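Me: I should like to examine how the descriptive terms applied to this structure are justified. Please set each value against its criterion and then conclude.

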Amino acid sequence: MSTRSIEPAAVALAPGTGGGHDHPSLQHHFDNLEQQKEASTLGMWLFLVTEIMFFGGLFTTYVVYRSSWPREFMAASSTLDWKLGAFNTAVLILSSLTMALAIWAAQVNRRKQVVFYLIATMILGLVFLGVKAVEYADKFEHHHVPGPNFVWSEDAHGEGGHAAAAPTPEQAAFAHHVEIFFSLYFIMTGLHAVHMICGIGVLAFLLVPSWKGRYNSAYHNPLECTGLYWHFVDIVWIFLFPLLYLLGAHAT
Amino acid sequence: MEQELPLFPEAASHVAPQVDALFFAWSAISIFFTALIAVLILYFMVRYRRRSVDEVGLPERAPNWLEVGWSIIPLVITLIMFAWGARVFYNIYRPPSNAVEYWTVGKQWMWKFQHPDGHREINTLHIPVGQPIKLNIQSEDVIHSFFVPAFRVKQDAVPGRQTQIFFEATKPGVYHLFCTEYCGGEHSRMIGSVIALEPEQYEVWLAGGPAGRSMAESGAALFQTLACDTCHREEAAGGVVARAPELEGLYGNQVRLMDGRTLLADDEYIRESILDPAKKIVAGWQPVMPTYQGQVTEEQLAQLITYIRSLGQQAAASDQPPTAEPAQPEGQ
Amino acid sequence: MNTSNTVPHELPPPDDLVDQPNYLNVAYGLKSWLLTRDHKRIAILYMISVTVFFALGSLFALLIRLELLTPEGDLMQPDTYNRVFTMHGVVMVFFFLIPSIPATLGNFLVPLMIGAKDLAFPKLNLASWYVYNLGGVFTLWAIFSGGVDTGWTFYTPFSTNYSNSYVVATALGVFINGFSSIFTGLNFIVTIHRMRAPGMTWFRLPLFIWSHYATSLIIVLGTPVIAITILMVAAERLFGLGIFDPRLGGDPILFQHLFWFYSHPAVYIMILPAMGVISELVAAFARKRIFGYKFVAFASIAIAVLGFLVWGHHMFVAGQSLYAATIFSVLSMLVAVPSAVKVFNWTATLYEASISYETPMLYALGFIGLFTLGGLTGTMIATLGIDVHVHDTYFIVAHFHYIMVGGAIMGYLGGLHYWWPKISGRLYPGFLSRLSALLVFVGFNLTFFPQFILGYLGMPRRYWSYPPEYQVLNVLSTAGASILGIGYILPLFYFAWSLKYGTRAGENPWGAVGLEWDTTSPPPTENFPVIPVVTREPYDYTSEEVHRRTTQQEVPVVYQVD
Amino acid sequence: MSEHSTSRAVYFLTFGALMVLTAATVIVATFDLGWANDVVAMAIAVTKALLVLWFFMHLRYSTRVTVLTAVAGFFWLAILIFLTMNDYATRETLFPFPGK
């Protein structure tokens, strides 16, 4: 809240808005809390629109390349462990629930429960990142990380394996297209993970004010906006899971 | 024919008149509307200039039909012009069945052409007039773009794909060939010319070029058409960093190689450097020279060697100090 | 050019006008400026940053024009020329044209025009300026350590595999700069939706606000796509991935799709704010309501929405399918209609108006003429048959400079001259400013009209050397560029001069209608002593109350005829 | 957003529905239905996204402008994907452009 040096002499609030004492969290340029809440919610949604278009570029790339090489994407996807993916999806959905309950708790003025649910959401987020770390480790081990030392042999099929006989042009092209799948896999899930980390950071930032009881039924904007962001990150994973993991499920 | 100030390109292909007609129509429309707006503004500026400090404009009275009018009219005009443009576009991109296939490969800063009968050229393309030509275009590295202004055709060379353009020369002549998709350092030197010849002259040219010229002269002409001079040339030309050793005064002198050996630059060394350049690299130079194996016939090879030998004697004659030691190229 | 026929009479500046508290003298010192949350101060900070980048971009432009004086490039090596035209593109597009009007005039005026105390998120607004400068630092570092030679379009596979210049640094600079654009756009949309003064309905909003609303829609919906595209290029260079690498089967044309999805709407980000400024100028100096207000307002929204459907017209010859090229060509014709509607409505506004010829009006009239030609040539280029011939030639360069320089920069300068009294409380010299407007108009046309001819002759873009027959037209163009340069430098001087010596501008030096003219100039920090209640239509010059204000008010000397 | 809050039961119900749908998409994926696999997977994903948007993200109580913003976001993504695919889908089919 900015306390400014010169208070304008006659600040006459526009007629008809709730005047009286100002809520400590009301910023000077808003007329009332309602206007401030709607402004911050709309602002958050607009930020989420930019996030939709940000991930949208990757989804477009995915759609284009998958339509060009369905077989290669299916073969590459079959090396991903869809059970871990499913488990991660469940973890994220549960974290969405705890996030929503955190906001509910603030609305009914139960600050202890707000803190509890926030911590639960953070722990679930960390579990999700842990599982991702396990998956990435597996990729490094199998040389499935795109780049100079990417190895993909048709017969080895997932074991990574040593360099087989010189691949035929078709196999080389196949391996290249598989490498592009893994490039997309790493950028999409990597970007999603970075958003998770930022989300956890913001949640941590909210713990102290929540503990102090600053968020109550009248004012809980920061919680609401963090909730919107967290649910959005969950939605991105909801689309990532089937597109990346479930392609090859019926092939195994 | 270097005109002093050309204001309009030649129309030398079947589609050029159609493109020009479309362009003139659109230019006329543009000039008409721009002039209309300019005249209206100037008239209003004078007619309704402010006469006293407190004068204000009258409220608007015009009905909505005016508003609808100048929404519909531009839409109709643009859609008509779109349809006309689309028809011309399909004329450019749909070759007739009797089109002869030529190939071109864009490589960083040169065009390599191949005729239906296997004849190869670099940076210049000889084509017969009146014969529809389908040119298959590829690229070895980045995106280039095959553009002949006189034919009004352009098509990007996309690496990893083969794209195609169709044109039919209608007028013999030498026409500019440009690369119009930015492709790096010497994008502006990746130019050449498309030479449209009467069908008979084209056959003569195909047969091996004009007879009666001395071996050295044919060699010199070949040196140009094979674009050897894009790399082998004196330092000063256009300030471009030389990419290959100078050939003046090379013949008959010692040459130090990368691996330290020094040997005499004789016929055999020149022949080998043309057909398999990577085998003996002169000290201090990069192995960038492409092989001409299969691009030069035995007879053309002989012409090139006589030409380079003649360069050697000229240098000795004008007792220019033979530059056996190649100039050290700056780090590229 | 007859000077305005208002009766100039000298008036000693009333004493109370001098030390009235306003946003400039409310606090002094670096800290009060660098940590300000006042949208007006942030507008001025942006004005300084944007001017610095405009100067840098113009320097590159001058180098290009000097280089092209001779067919065989003599001024610099081809590689240096490639870096110069690339940096001209990057600096001008991302660091001047996109932020110029929204971040300076928009930041200053959006709250003022809708009767709000400030933008919805003041801290975000300040962050936007810092992020803009951070992006600028990255790009400047890239420039001074060697520059990038991929063209401002970063086409792959050249930018990812073959260029050994500072591509990642510049890409990072542009990526970060994108966020400053998003923050401004987001701020405007929320402010316009949520913080209008009582009585300010949507159809009482000035057209400046409508055009900035449409611009912000494009910014929010388009900018993230170029952010991810540039991130992919950087990832490909740094980690050897192969998304656009043809050797791995990647498709360079996919990069062009993603790039132009943002970069075409970006040209509407650059022109729509200028259109908003022109609507204000024409209304103010014709003292008449804009003809067909609703049509002009919805035309801005139509341009914003249709602008997202047309990007394929940049790729007609790039290897796109014929069918897609046809679809994009039709859609490009649709997007030309709202621009035509705007031009006709501006011209119709002048009918039965009371036009005066101050400098802003000269810029506005120049804008309308040049934008008409720019828009029509744009529609020509969107026609399939012509684009095959003129794609990537100087015809395209001439078209987009007619829109960007003839349109956006004329709009920016017009707006700057129109609101300068409100921003600084000072008036600038009339004759000198009109002279600079004339120089800009003449210099501009001499620079870029020959390029239309060069383009159809077939001279390709981005060429370091060109066939000798194109030299005469290039020399003409360079001559025009020097006149244009002088035209741009003049305002720098007389604006600075006016800060100290300019006569004081009263509350409403032009006798215009608008909430920003109802407060003092320069305005107080919270914009209005009392939040205004809006009852009148926008640009309502005929109402009694306005008549009284524009006549009785002691109009201080509008011009010293020096 | 009006001051009333969603009751906890609604959140738990939404959570349950999302878990069921996740299980469903996994099970369906194990059968080889050819191109139908993608359609079903996307249908389920969209349903789950709508559930999250409507209940968890309180679109249910949001103002018309906020709902419009959310819809616009996804619609513009559709424009990007649709018009880009419009090029790739017709590279070789409608007009015999020199494809591979």
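Me: Why are H4(C) and H14(C) called roughly parallel to each other?

Reply: The model is a predicted one. In it, the axes of H4(C) and helix H14 (residues 394-424) of chain C cross at roughly 25°. Angles under 35 degrees count as roughly parallel, and H4(C) and H14(C) are therefore roughly parallel to each other. Their axes come within 11 Å, and the crossing of H4(C) and H14(C) is left-handed.

Me: What makes the contact of H4(C) with H14(C), and which residue classes does it have?

Reply: H4(C) contributes C:Leu97, C:Ser100, C:Ile101, C:Leu105, C:Phe108 and C:Leu109, while H14(C) contributes C:Met404, C:Ala408, C:Gly411, C:Tyr412, C:Gly415, C:Trp419 and C:Ile423. By class there are ten nonpolar, three polar and no charged residues in the contact of H4(C) with H14(C). Gly counts as polar under the scheme used, and C:Gly411 and C:Gly415 are among the residues of this contact.

Me: Why are H4(C) and H8(C) described as oblique to each other?

Reply: The axes of helix H4 (residues 78-114) of chain C and helix H8 (residues 207-239) of chain C cross at roughly 125°. The range for roughly perpendicular is 65 to 115, and roughly antiparallel requires over 145. The crossing angle of roughly 125° falls under neither term, and H4(C) and H8(C) are therefore oblique to each other. The two axes come within 10 Å, and H4(C) passes H8(C) in a left-handed crossing.

Me: Which residues make the contact of H4(C) with H8(C)?

Reply: On H4(C) they are C:Pro102, C:Gly106, C:Leu109, C:Val110, C:Met113 and C:Ile114, and on H8(C) they are C:Phe208, C:Ile209, C:His212 and C:Thr215. These residues divide into seven nonpolar, three polar and no charged. C:Leu109 is named in the contact with H8(C) and also in the contact with H14(C).

Me: What makes strand S3 and strand S8 of chain B stand at the edges?

Reply: The five strands of this open sheet follow the order S3-S2-S1-S5-S8 (chain B), with mixed pairing. Strand S3 (120-122) and strand S8 (163-167) of chain B each have a single partner strand, so one side of each is left without a neighbour in the sheet. Neighbouring strands here are turned by 25° against each other on average, direction ignored.

Me: How do you know that strand S1 and strand S5 of chain B pair?

Reply: Pairing requires at least two bridges. Seven bridges join strand S1 (residues 100-107) of chain B to strand S5 (residues 133-139) of chain B, so the criterion is met. The two strands run parallel, and B:Glu101 has B:Lys134 as its bridge partner in S5(B).

Me: Which are the edge strands of the sheet S4-S10-S9-S6-S7 (chain B)?

Reply: They are strand S4 (124-128) and strand S7 (153-157) of chain B, each pairing on one side only. This sheet is also open, with five strands and mixed pairing, and its twist averages 20° from one strand to the next. Helix H3 (residues 199-208) of chain B packs on the sheet, touching S4 and strand S10 (192-197) of chain B; the direction of this helix makes about 135° with that of S4(B).

Me: How do you know that strand S6 of chain B and S7(B) pair, and how do they run?

Reply: Five bridges join strand S6 (residues 144-148) of chain B to S7(B). At least two are required, so these strands pair. They run antiparallel, and the bridge partner of B:Ser145 in S7(B) is B:Asp156.

Me: Which elements of chain B have the lowest and the highest mean pLDDT?

Reply: Helix H6 (residues 298-317) of chain B has the lowest, at 68, and S6(B) the highest, at 95. Chain B as a whole has a mean pLDDT of 81, and 86% of its residues reach 70 or more. Over residues 317-332 of chain B, pLDDT stays under 50; the model has 22 contacts beyond four places in sequence for that stretch.

Me: How many residues do chain A and chain D give to their contact?

Reply: Chain A gives 37 residues and chain D gives 38 residues. On the side of chain A, the largest share, 16 residues, comes from H1(A). That side has 25 nonpolar, nine polar and three charged residues.

Definitions and conventions. Residues are numbered from 1 along each chain as its sequence is written. Chains are lettered from A and ligands numbered from 1 in the order in which they are written. This is a predicted model: local features need pLDDT of at least 70, side-chain atom pairs count only at pLDDT 80 or more; totals for chains, interfaces and linings use all residues. Axes are lines fitted to C-alpha atoms, for helices over the stretch in contact, and angles run from 0 to 180 degrees between N-to-C directions. Helices (H or I, at least four residues) and strands (E, at least two) are DSSP runs, numbered from the N terminus. A crossing is left-handed if the near helix is turned anticlockwise from the far one by less than a right angle, and right-handed if clockwise. Two residues are in contact if their C-beta atoms, placed from the backbone, lie within 7 Å. pLDDT is the predictor's confidence in each residue, from 0 to 100.
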